Amino acid sequence: MSAANERRVLVDHEPRSARTRQLRDVRAVGTAIRRTRPTWERAYQRRLVVTDALILTLALAGTQTIWFGLGGTQQVARISGAATVPYWMATAALLVLWLAVLKFFGTRSFRVTGSGFAEYGRVADASFRLFAVVAIAALLLQALPARGYILTAFPVGVLLLVASRWAWRQWLRGQRKHGRYMIRVLLVGAPASVEHLYDEFERRTYLGFEIVGACLPAGRGVTGMEVPVGALGTFDEVAKVASRERVHAVALAGSEDLPPEAVRRIGWQLESTGVDLMVAPAITEVAGTRIHTRPVGGLPLMYVDSPSYEGSKKAAKTVLDFGLTALGLLVVWPLMLATAIGVKLTSHGPIFFRQQRIGLNGKAFDVYKFRSMRVGADAELAALLQAQGTSGTPLFKVDNDPRITRFGEFIRKFSLDELPQLFNVLKGEMSLVGPRPQRAEEVALYDNAAGRRLLVKPGITGLWQVSGRSDLSWEDTVRLDLYYADNWSFVDDFVIMLWTVKTVLQSRGAR
């Protein structure tokens, strides 16, 4: 008897009730989530479609007007003596293709909208691929006027699309502050893993994750006291709980008490419920650009690149720092002159303040600032920190600092006192973006983790400065600086500089 026939006989003799139960498990029968109104994701996507269409119409119509004129009927492509094609028809076709490509590449998927750079990357990638095809087609068809679309419509369209997506993202985050447009999430895992993932989600409220509860191992955390959210069931009840609570996604928190077979079974159970399955790895604070997945024999392996502090990236950042700093000095020198005059006229003492700080690889250097305190303020710091009870914390900030002059308070509010540090950047001691340089007394209090801040050049601005400035705790400051040190990129630097302008104009958290 063949192996296939033998298996058929075994199956035929298996009790029908057992086979039925097995089929029910494999099919992962679940109650589909019923919504009385369209999901917010679809409504949000429709808004993006409308905005994208308006922007692309503007970019393409403007290009046609600039290059060809609104009423142009000249030939666009010559194919074996084909009839002439008006430019407006080519513009309309390109508009339809551009919108279709944006949809095909998932630029409006709720999985990438709202946070991160994936949305912007997909917009740029989709547009680039479309115009690469257009360029090749124009070359083959000898449609030389099509270069006008490529030289004008492509960059203008991409820039406007990214700006529009950014504006919509700000609107979405504003809505989420009021509890709207949320993604309901059920956490699944051991209590410790659930607590860790819950804290990470709570720290990133702009993601819009609303934690409805958790499914824990049987017999653990049933009272809900071990985790910050209620225990709604066990691993075997994930699909039932997800349907009952109308969640949008299930997040597997770590692998403790979740063997591969259990994870696969949960995935099967969720197939028919319309609920997404997310797997949260044990590693956090790692940028997506450093993470690569590769399936090996059915096993999805995750590779994490080591942080890069040397080589071409470092050289390119140095060149960028010099170029932007030189340009910045040409722009802000009148403001620096006015600040210097203000310091001199409003208080006794020198215009500039110089203090030793610790920079790259623990090397000391003198940092320059406009003086914002009275003369001799450094000698008073130890007593003020002792009175405040923060002398043992490596973040020497004094609340309601009495040493700051009236004009010093003004220039600190808008970070004008930091402008002379542009000269530190020109000297190669600092970067425009990086961890804040600290005094030797503060560095002496570092633990091993905080010491990683010294692996990159200190910066005039940085991730923690734009995330809360002086309002953040030392632990949050270290966490943000370590994230930057381990994951820095040119895109991140550019975004942080834009955030710096916004934060300074809002004068938020400056001391």
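A cavity, as I use the term today, is a set of grid points where a 1.4 Å probe fits but cannot get out. With that in place, let me turn to the structure above, which is a predicted model.

How many cavities of 30 Å³ or more does a search of the whole structure find? The search returns one. The volume of this largest cavity is about 50 Å³. Its lining consists of Ile358, Gly359, Leu360, Pro435, Arg436, Pro437, Arg453, Leu454, Val456 and Pro458. Sorted by class, seven of the lining residues are nonpolar, one is polar and two are charged.

One of those lining residues, Ile358, leads us to a strand pair. Strand β8, residues 352-358, pairs with β9 in the antiparallel sense, over seven bridges. Within this pair, Ile358 stands opposite Ala364 in β9. The two strands form a hairpin with five residues between them. In the turn, Asn361 has a positive phi of about 60°.

Strand β9, residues 364-370, also gives two or more residues to the largest nonpolar core. That core has 26 residues, and those touching the most other members are Met336, Phe370, Leu422, Met430, Leu432, Ile460 and Ile496. Besides β9, the elements that give two or more residues are α10 (312-346), α13 (421-426), β10 (431-433), α15 (463-467) and α16 (474-487). Which element gives the most to this core? Helix α10 does, with five residues.

I turn next to the open sheet. Five strands are arranged in the order β3-β2-β1-β4-β5, and their pairing is parallel. Strands β3 (231-234) and β5 (276-280) stand at the edges; each has a single partner strand, so one side of each is left without a neighbour in the sheet. From one strand to the next, the twist averages 30°. For β5, the pairing with β4, residues 249-253, is parallel and runs over five bridges. In that pairing, Ala251 stands opposite Met278 in β5.

Finally, a single residue: is Leu58 buried or exposed? Leu58 lies in helix α3, residues 40-67. Its relative accessibility is 58%, and because the exposed class begins over 50%, Leu58 counts as exposed. Along the chain, Leu58 and Val156 are 98 residues apart, while their C-alpha atoms are separated by 9.6 Å.

To close, I return to the cavity and the hairpin. Ile358 belongs to the lining of the largest cavity and stands opposite Ala364 in β9. Thank you for your attention.

Key. Residues are numbered from 1 along each chain as its sequence is written. This is a predicted model: local features need pLDDT of at least 70, side-chain atom pairs count only at pLDDT 80 or more; totals for chains, interfaces and linings use all residues. Side-chain values use heavy atoms; hydrogens and water are left out. On a 1 Å grid over the protein atoms alone, a cavity is a set of points where a 1.4 Å probe fits but cannot get out, and a pocket is an open set with protein on both sides within 12 Å along at least five of seven lines; lining residues have an atom within 4 Å of a point. Grid points are joined across faces, edges and corners, and a volume is the space filled by probe spheres set on the points. Ala, Val, Leu, Ile, Met, Phe, Trp, Tyr, Cys and Pro count as nonpolar, Asp, Glu, Lys and Arg as charged, and the others, Gly among them, as polar. Two strands pair if DSSP finds at least two bridges between them. Helices (H or I, at least four residues) and strands (E, at least two) are DSSP runs, numbered from the N terminus. Axes are lines fitted to C-alpha atoms, for helices over the stretch in contact, and angles run from 0 to 180 degrees between N-to-C directions. A nonpolar core is a set of buried Ala, Val, Leu, Ile, Met, Phe, Trp, Tyr and Cys residues joined through side-chain atoms within 4.5 Å. Buried means under 20% relative accessible area, exposed over 50%, partly exposed in between (1.4 Å probe, protein chains only).
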